[in-house]
Amino acid sequence: MQRGDDLEDDFVPDDLVALSDEEEDLPHAEDIAGLLSADEDATNDVHTPQAQSAAALEKKRKRRAKEKERKAKRKLAETAEPVELPSIAAQPPVMLADYLSSLQAKTFSDMSGIELADMQIPESAIADTTTWTEPRSLDHLVDFIVKVLPKLHTRLSQRPKSNGAPTLLYVAGAALRVADVTRVLRDKRLRGEKGGDVAKLFAKHFKLEEHVAYLKRTKIAAAVGTPGRLGKLLCDTDALATTALTHIILDVSYRDAKQRTLLDIPETRNEVFRTVLGAPKVLNGLRQGTIQLVLF
């Protein structure tokens, strides 16, 4: 009888007996370690320098794309035709009187109704310019005066009798605008050969005393200025006379970079109503009908 350990030395176990199917599928210890490390690498990929660099590049690409889009929109806005807003100046006198009255109420907010009524500009003093249908820009100012204000055109071409006594005051909101208007009013179609000088009056680069001296020695047909400087000359000196004054033009159609007009800006609006139109000798002329107010 053979015992269990009496097997032949050359006995080879049957593969089907020695290994079950489950044992055959199990990985070795080295393979298990490899699988685990592979899973960890997949989880930690976003923290590698390469992944961080890729994320940074993607952010930079998106920023560049947005900046390119902004520049394209900005360029499109610059090349687009500007939209010309309708000018309040094109309204009839009755509506302009109400408009000016509402602005005066803002300037003289501390006044009673009765006091404010004494400062109001009568409708009869406001020129009717509704026949003018062209743009109210400096390119058309000469034609506007010739066609709509023939009396002013005639007077501008005549030789002034007194120093510092213009027939026209043109009120503009800023020094650069004053300079532009002055060049236009010096056109020979307005002044002819006899017309007086066109004074350029603003505080920038010029002291008040310099303007006083200039006006006292010069015969002028028109004075173009900012409301601040015109107001000081009218109220604080005797250099700017109103004895020959027939027209005051308010430059209300022009808009600055922020789309504001002369009467939209509180500072210039207050100066217009307090020291220019509110100057006693000017206000009296408007009431008596010797001075006409024009909105351009």
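Start by selecting Ala125 and showing whatever surrounds it: leaving aside neighbours within four places in sequence, Ala125 is in contact (heavy atoms within 4.5 Å) with Leu286, Ile291, Gln292 and Leu293. Before going further, note that this is a predicted model, in which local features need pLDDT of at least 70, side-chain atom pairs count only at pLDDT 80 or more, and totals for chains, interfaces and linings use all residues. Residues are numbered from 1 along each chain as its sequence is written, and side-chain values use heavy atoms, with hydrogens and water left out.

**Stop 1: around Ala125**

Ala125 sits in the loop between α6 (113-119) and α7 (141-148). Helices (H or I, at least four residues) and strands (E, at least two) are DSSP runs, numbered from the N terminus. Is Ala125 buried or exposed? Its relative accessibility is 3%, so Ala125 counts as buried; the cut-offs are under 20% relative accessible area for buried, over 50% for exposed, and partly exposed in between (1.4 Å probe, protein chains only). Now add Thr290 to the selection: its C-alpha atom is 8.5 Å from that of Ala125, with the two positions 165 residues apart along the chain.

**Stop 2: helix α14**

One of the contacts of Ala125 was Leu286, so to speak an invitation to select residues 280-288, which make up helix α14. Colour Val282, Leu283, Gly285 and Leu286, which are buried. They cover an arc of only 160 degrees around the axis, which puts them on the same side of α14; the arc is that of the directions from the helix axis to the C-beta atoms. Turn to the other side of α14 and you'll find Pro280 and Gln288 exposed.

What do the buried residues of α14 pack against? Show α6, α12, β4 (247-250), α13 (266-276) and β5 (292-295), and you have the set. Before leaving, click on Gly289, which follows α14 and has a positive phi, near 85 degrees.

**Stop 3: α11 against α12**

Next, select residues 208-217 for helix α11 and 227-236 for helix α12. The two pack at an angle of about 60 degrees, with their axes 11 Å apart. Here the axes are lines fitted to C-alpha atoms, for helices over the stretch in contact, and angles run from 0 to 180 degrees between N-to-C directions. The crossing of α11 past α12 is right-handed: a crossing is left-handed if the near helix is turned anticlockwise from the far one by less than a right angle, and right-handed if clockwise.

Show side chains where the helices meet: Leu208, His211, Val212 and Leu215 come from α11, while Arg229, Lys232 and Leu233 come from α12. This contact divides into four nonpolar residues, one polar and two charged. In that count, Ala, Val, Leu, Ile, Met, Phe, Trp, Tyr, Cys and Pro are nonpolar, Asp, Glu, Lys and Arg are charged, and the others, Gly among them, are polar.

Stay on α11 and pick out His211, Val212, Tyr214 and Leu215, which are buried. Looking down the axis, the buried residues fall within an arc of 165 degrees, so they line one face of the helix. They pack against β2 (197-201), β3 (220-225) and α12. On the other side of α11, Glu209 and Arg217 are exposed.

**Stop 4: salt bridges**

How many salt bridges does a search of the whole structure find? Six, where a salt bridge is a side-chain nitrogen of Lys or Arg within 4 Å of a carboxyl oxygen of Asp or Glu.

- Select Arg177 and Asp251, whose side chains meet at 2.7 Å, N to O. Arg177 lies in helix α9 (residues 175-185) and Asp251 in the loop between β4 and α13, so the pair ties together parts 74 residues apart in sequence. Arg177 is buried, at 9% relative accessible area, and Asp251 is buried too, at 2%.
- Move to Asp238 and Lys216, with their closest N and O atoms 3.5 Å apart. Asp238 is in the loop between α12 and β4 and Lys216 in helix α11, 22 residues apart. Asp238 is exposed at 59% relative accessibility, whereas Lys216 is partly exposed at 48%.
- Finish with Asp187 and Arg189, where the closest N and O atoms are 3.1 Å apart. Asp187 is partly exposed, at 24%. Add Asp143, which is linked with Asp187 and Arg189 in a network of salt bridges.

**Zooming out**

Show the whole cartoon: the protein has 14 helices and five strands. Of its 296 residues, 36% are buried.
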